[in-house]
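Biologist: Let's go through this model together. I will ask how each label is earned.

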Amino acid sequence: MSEYFLAEFDTAHGAMEAARKASQAHHAPQDVLSHMPIEGIDEYLARPQKPPVGWVMFIAGAIGAALGYFMQWYSAVIDYPIISGHRPLNSWPAFLLVPYETNILCAAIVGLLAWMWMSGLPKPYHPLFFANITARAVEDRYLLVFPRDETLAEWVTAHLKPRALHEVRE
Amino acid sequence: MSAEEGTRERWIEGIDSLEEINARICAPILSPAHTWRWWVSLLFSGTLTLIMVVTVTWLFAHGIGIFGNNTTIVWGFPIANYVWWLGIGHAGTLISALLLLTRQKWRGSLNRFAEAMTLFAVSLAGLMPVFHLGRPYYLYWIIPYPNVQGLWPQWRSALVWDFWAVGTYITFSALFWYVGLVPDLAMLRERAKSLWARRIYGAFALGWRGSARHWEIYERYYRYMAGLAVPLVVSVHSIVSLDFAASLEPGWADTIYPPYFVVGALYSGFAMVVVLAAALRWGCSFEPFITPRHFDVIARVLLTASIIMGVSYATEWLWAWYSGDRAERHLVAFLFTGPYAPLYYGQLLFNVVVPQAFWSARVRRNIPAVVIISILINVGMWLERILIVWSTLSHDYLPSVWRIFLPTLWDWLLLFGSLGAFMFMFLLFVRVLPAMPAHELRKLWLEENAS
């Protein structure tokens, strides 16, 4: 069972500074909840990550394009050849349009799945939903998430000077 | 902040707090005002939608003989409607993606509803060729699927390319739109009053908590999607133009067609965005988010597009003359002097001449004027689409088959019915989902008010 406490801040700048200080003092927050993206705050978290979404989408797109071309080639050359005026069966210029579309389609769909997988969504249940203040995190607040610990809470209050502290119990 | 920046106009006006942004954006969903306006509009558009349903039912029962198509002009209203609606469907994703990549701040007020516009317009566009098939129940033959006859689609056909382009475009646009909605759905989950509304918004919000990890991945994915969207949008109307350009007909077999179609698509799409923006501003009290400055910048885009359209038309005339081809030259003469000439002059007037009014800053900032010109542009673009179909088919190589298209009542009912269906879907959208991206506007407001 995980329990947390949340340090509330009024501004993105305040949250950013607090995360930086906490990180330098080896108390890096586990997460930050905010109503908008705070650029660069990720590096002050306990486990920073560089999600390889772009690579996943690139590979998926390449596979999608290859499959799109292969489908046409197999159909037109192997399975259902139509000989018309002795033109080549593998009409590659005309066959480039479908791979172009399947490339983008596969990259987009696999990217969506990667986004959900890497973000841990869908998440119908999470202990943070039990704190009323987390509702505000999607509206106008900035919350730093720390593991619940009395001494850490005292340190946060003394050094980071949050607007308020909130406990989360399940 | 310098004095000049302090007096600079803002993209969001008259907002005092983040909470006010959220409240205004959620108001049409959670505490709607002016509901009678909405109900009257819904009744009107619902009636037109019903007319479209009746038309399509009659069409399926009696075949495409109910339209004005004849043995010469085998493509009629449905194909023109298809190209027109698909063109309107182009602005949404392009506004959203291109303006994101170029970091244009006015994107925030427009992208959500423009993407919704895209989805509805492309859905209607996708139906039009199906209505035109004659045997719509064989639609699935265009899809590669394992069948006992061992048949495959003809990959060298522009019509099969259309299927892939439009199918990809609508799927992609729906994904892009939904991903952008997730943070706002989480906000609605917290603000909705009834338990079921909270559950439904909550389910679609996927458990979004605004975590830094969520945002990190979201921002990356959204930006890559925008990067993919731009070449996709350009490809879709280019492929549609190949339905015409890959033929051997006079006036169609031109290399200018793909860029000409893409610019025309953006042109009509931006014009439709103006109409919808004005409607939202009036109906949902979104004045702080959609300011005269937004209309100003869209009017500039429209002005640029109108000039490109004018150059494209002139290029067609020049090409016809310079090619020395008899059929091409006759076709241009037919456009200017034939029975469709009044429509052609209307097209030139609405698409090229009238938008020149946007050189004046006073016109660009006058919302009713921008809306009226935008409606005229949409009429002009529809005339262009129908004339592309009609004029070439009416007047191609063999004089003995020259005929004229006379629309029937059903042609008009399908066109206006589809407009009603579009309006109907849009009206439902504004009452169910946030028509403005709250998280982007909050960020923009904070940037503009940072001191």
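Biologist: What makes residues 1-7 of chain B a stretch where pLDDT stays under 50, and how many contacts beyond four places in sequence does the model have for them?

Modeller: This is a predicted model; local features need pLDDT of at least 70, side-chain atom pairs count only at pLDDT 80 or more, and totals for chains, interfaces and linings use all residues. Residues are numbered from 1 along each chain as written, with chains lettered from A and ligands numbered from 1 in written order. pLDDT is the predictor's confidence in each residue, from 0 to 100. Over residues 1-7 of chain B it stays under 50, and the model has two such contacts there. A contact means C-beta atoms, placed from the backbone, within 7 Å. Where pLDDT is low, predicted coordinates should not be read in detail.

Biologist: What is the mean pLDDT of chain B?

Modeller: It is 89, and 98% of the residues of chain B reach 70 or more. The predictor gives the complex an ipTM of 0.89 and a pTM of 0.90.

Biologist: Why is H10(B) called oblique to H12(B)?

Modeller: Helices are DSSP runs (H or I, at least four residues), numbered from the N terminus. The axes of H10 (292-323) and H12 (341-353) of chain B come within 8 Å and cross at roughly 140°. Under 35 degrees is roughly parallel, over 145 roughly antiparallel, 65 to 115 roughly perpendicular, and the rest oblique. The crossing angle therefore makes H10(B) oblique to H12(B).

Biologist: Which residues of H10(B) and H12(B) meet?

Modeller: B:Ser306, B:Met309, B:Gly310 and B:Tyr313 of H10(B) meet B:Leu348, B:Asn351 and B:Val352 of H12(B).

Methods
Axes are lines fitted to C-alpha atoms, for helices over the stretch in contact, and angles run from 0 to 180 degrees between N-to-C directions. Helices (H or I, at least four residues) and strands (E, at least two) are DSSP runs, numbered from the N terminus.
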